[in-house]
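I sat down with this one to see how its chains meet and how its strands pair. Here are my notes, in the order I took them.

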Amino acid sequence: MSELTGRLSVFKTYKLYVGGKFPRSESGRVYEVTDSKGTWLANAPLASRKDARDAVVAARKAFGGWSGATAYNRGQILYRIAEMLEGRRDQFTAEVAAAEGLSKAKATAQVDAAIDRWVWYAGWSDKVAQIAGGTNPVAGPYFNVSAPEPTGVVAVLAPQESSFLGLVSVIAPAIVTGNTVVVAAAENAPLPALSLAEVLATSDLPGGVVNILSGRTAELSAPLAAHQDVNALDLAGADGELAKDLETAAADNLKRVLRPAPVNWTADPGTGRLLAFLETKTVWHPMGV
Amino acid sequence: MTFDYAPAPESRSVVDIAPSYGLFIDGEFAPASDGKVFKTVSPSSEEVLSEVAQATGDDVDRAVTAARKAFEKWSALPGAERAKYLFRIARIIQERSRELAVLESLDNGKPIRESRDADLPLVAAHFFYYAGWADKLDHAGYGANPRPLGVAGQVIPWNFPLLMLAWKIAPALATGNTVVLKPAETTPLSALFFADICRQAGLPKGVVNILTGDGSTGAALVAHPDVNKVAFTGSTDVGKAIARTVAGTDKKVTLELGGKAANIVFDDAPLDQAVEGIVNGIFFNQGHVCCAGSRLLVQESVQDELLDALKRRMQTLRVGDPLDKNTDIGAINSAEQLARITALADAGEAEGAERWSPSCELPSAGYWFAPTLFTGVTQAHRIAREEIFGPVLSVLTFRTPAEAVEKANNTPYGLSAGIWTEKGSRMLWMANKLRAGVIWSNTFNKFDPASPFGGYQESGYGREGGRHGLEAYLNV
């Protein structure tokens, strides 16, 4: 019994994140998550179509409050999330190293870049309307102003190859502008995403603004792309054939679709993802005395 | 005593319509590859105006090839040079404005008052506006040196034939793209006259190509593998089909689709102004307007007063000859559209809403529909849910601002909305809550090239007009 003299670690039960709560999959299913060498890491929940639909309901419910919050308030909450991420830097470094087979140094660089990116997007909350909107000089006695508004509920397929930096790079731009999201985590490397949920839950982010599912990307994305109460799709984590099917399904209620494209997640992201999930509302009012 | 209006007809002689027109490909007019033609008629008289070519798949291919070839040089031109071509086009449109207005009213059926005072000035203004962007694209907020996409395939509707052409072609050319445009089957003539304007302006061959034809021509254009950008204005059903066609491709797409706009009148609104706005909102262009204010939401306490005033005003609307300068409401664009409007209005009656029209005599030839008002409409009625695209107004009521918001947003569409109230804070609160791309407060149906236009939800994606309108034609 000498091998039992050391301390036995406590396993972590990873769970979904839906509506601010941490449910198991309603299906009761799990799947094995391994590291890059095939060693078992954990059993992650294998979310079902019903979980996906529940997540959309939670995201819709949260949309009014989150999109109606002031930009300053949303920015404050995103900064708070960055603070909490900083405090868990070591945990995420270990999870990213295991998930992606990276050295500690490289995993640290990924996590640091992700935290910095989160801060970068946090600062956009009260600036995006100034670069994407403004008054329009129309040829008549009218006050005419355009402002960006969130599209609504965005279903996000997280990038498969970048379990944390890629994940943060798709969630932050969608929510900072007031959208709410349902995220399908990277299929083979979902653990950093499920741990991110724990940070979000303790960061003043209203429940339902971000909902995270782990499971089979193709199984989860089909009901999301077909869902009539989803307004937009980010197909970052879909391969060619799946992306085409999902975009075709999305046409049914004219969801906004961001197609997959090769992305260098460490490069400057620009404003593309920020603007992809915004509408422009233009208001006219007569001027006169 | 009352005085009658004397007839005040605009002269047809200012426009010379040829008996037949070919397709405009690579700077030349040519027949369709299989020689097929179809007739375009004047909806106010059913008179055949001309015959135009029905473009085939081969013709689409030839036009796209011409546009691809022209793209190389056109996109390499300095922006300042492209700007000068657009200024030329804008000036020629102004010079030929009366001719084009008459042509548009003949082919489309809209009153000359509208084609002359609304459509044509806006058409010229769009070319002037985007001419000014051509040499300033580095400053448009899409990064330094944004690049054009290539060949733009553009399909436009019959309600504003020349204006929709301008909305599509002006930003495409300003950003360095070349164009293959398909006008609507029932209103092809002004686009063919525009081809002549391109010739007069000395525009290089192949930069603008015009293909006349029906839906099959449009579908072939959208699906053509060498088209880089698809722009469509029209019905939501066709928009969805286009979204499916481009799925999995690299084509950038913008869609301007249908609407079911709420025009919301509060009890503190200046009612006379609101009545004018309601009339303009639904009866402008015979209601053939995607952003038409087709659902009147009136606060219950002023319902009777408002409806009395509205009916009085509707009694004065003059329906008839589009070329008469006193005409307010022209002809319905086609027999097919008239049948759709008739069917939906009948459904309104069948479902229990109360129908009212002013007494007015409709001409015997042509396609006509009297301005129509439905009261007692509920949200479940088809006339409150489906786009009618005709001079038919459905009236619903509300008690509180929150209820007005809920009813206004209770639609898959989200193109436009109107708010009538003298209370600024309420107006801003409402504008904030409504899910629509354009909100008109204490006005309606205002358009300007500097102002972005486009919808939320199933009214489509992308914006036309303004700085925002450039994005659709740049690789950003």
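**Entry 1: the interface**

I started with the contacts, counted as heavy atoms within 4.5 Å. I found 43 residues of chain B in contact with 34 residues of chain A.

Before going on, I noted the ground rules: this is a predicted model, where local features need pLDDT of at least 70 and side-chain atom pairs count only at pLDDT 80 or more, while totals for chains, interfaces and linings use all residues. Residues are numbered from 1 along each chain as its sequence is written, chains are lettered from A and ligands numbered from 1 in the order in which they are written, and side-chain values use heavy atoms, with hydrogens and water left out.

Next I looked up the buried area, meaning the accessible area (1.4 Å probe) that two parts lose on being put together, summed over both. Between chain B and chain A it is about 2900 Å², and carbon and sulfur atoms give 51% of that.

Then I checked salt bridges (a side-chain nitrogen of Lys or Arg within 4 Å of a carboxyl oxygen of Asp or Glu). There are two between chain B and chain A. In a salt bridge between B:Arg463 and A:Glu279, the N to O distance is 3.1 Å.

I also looked at polar contacts, which are pairs of N or O atoms within 3.5 Å; within protein, one must be able to donate a hydrogen and the other to accept it, and residues adjacent in sequence count only if both atoms are side-chain atoms. The rule finds 27 residue pairs across the interface of chain B and chain A, both residues at pLDDT 80 or more.

Which elements of chain B give two or more residues to the side that touches chain A? I listed helix 8 (236-246), strand 10 (252-256), helix 14 (424-433) and strand 17 (438-441). Helices here are DSSP runs (H or I, at least four residues) and strands likewise (E, at least two), numbered from the N terminus. Helix 8 of chain B gives the largest share, six residues.

By class, I have 17 nonpolar, 14 polar and 12 charged residues on that side of chain B. Nonpolar means Ala, Val, Leu, Ile, Met, Phe, Trp, Tyr, Cys and Pro, charged means Asp, Glu, Lys and Arg, and the others, Gly among them, are polar.

**Entry 2: a sheet with strands from both chains**

I counted two strands as paired if DSSP finds at least two bridges between them. Strand 10 (residues 278-286) of chain A runs parallel to strand 17 of chain B, joined by three bridges. Here A:Thr282 has B:Val438 as its bridge partner.

I then followed the open sheet of 10 strands, which has mixed pairing and the order 3(A)-4(A)-10(A)-17(B)-16(B)-11(B)-12(B)-15(B)-14(B)-13(B). Its edge strands, each pairing on one side only, are strand 3 (134-135) of chain A and strand 13 (354-356) of chain B.

Inside chain B, I saw strand 11 (residues 262-265) and strand 16 (residues 416-420) pair in the parallel sense over four bridges. B:Ile264 is matched with B:Ile419 in strand 16.

**Entry 3: hairpin and small sheet**

In chain A, five bridges join strand 1 (residues 30-34) to strand 2 (residues 40-45), and the two run antiparallel. A:Val30 stands opposite A:Pro45. The hairpin has five residues between the strands, and A:Gly38 takes a positive phi near 95°.

In chain B, I found a three-strand open sheet in the order 1-5-4, with mixed pairing. Strand 1 (20-21) and strand 4 (37-41) are its edges. Strand 4 and strand 5 (residues 48-53) of chain B run antiparallel over five bridges, with B:Val41 partnered by B:Val48.

**Entry 4: charged side chains**

Over all chains I get 40 salt bridges. One of them joins A:Arg216 and A:Glu187, with the closest N and O atoms 3.4 Å apart. A:Arg216 lies in the loop between strand 7 (210-213) and helix 8 (217-226) of chain A and A:Glu187 in the loop between strand 6 (180-184) and helix 7 (191-201), so the pair ties together parts that are 29 residues apart in sequence.

Last, I visited B:Arg426, in helix 14 of chain B. Its side chain makes a polar contact with that of B:Asp268 at 3.3 Å.
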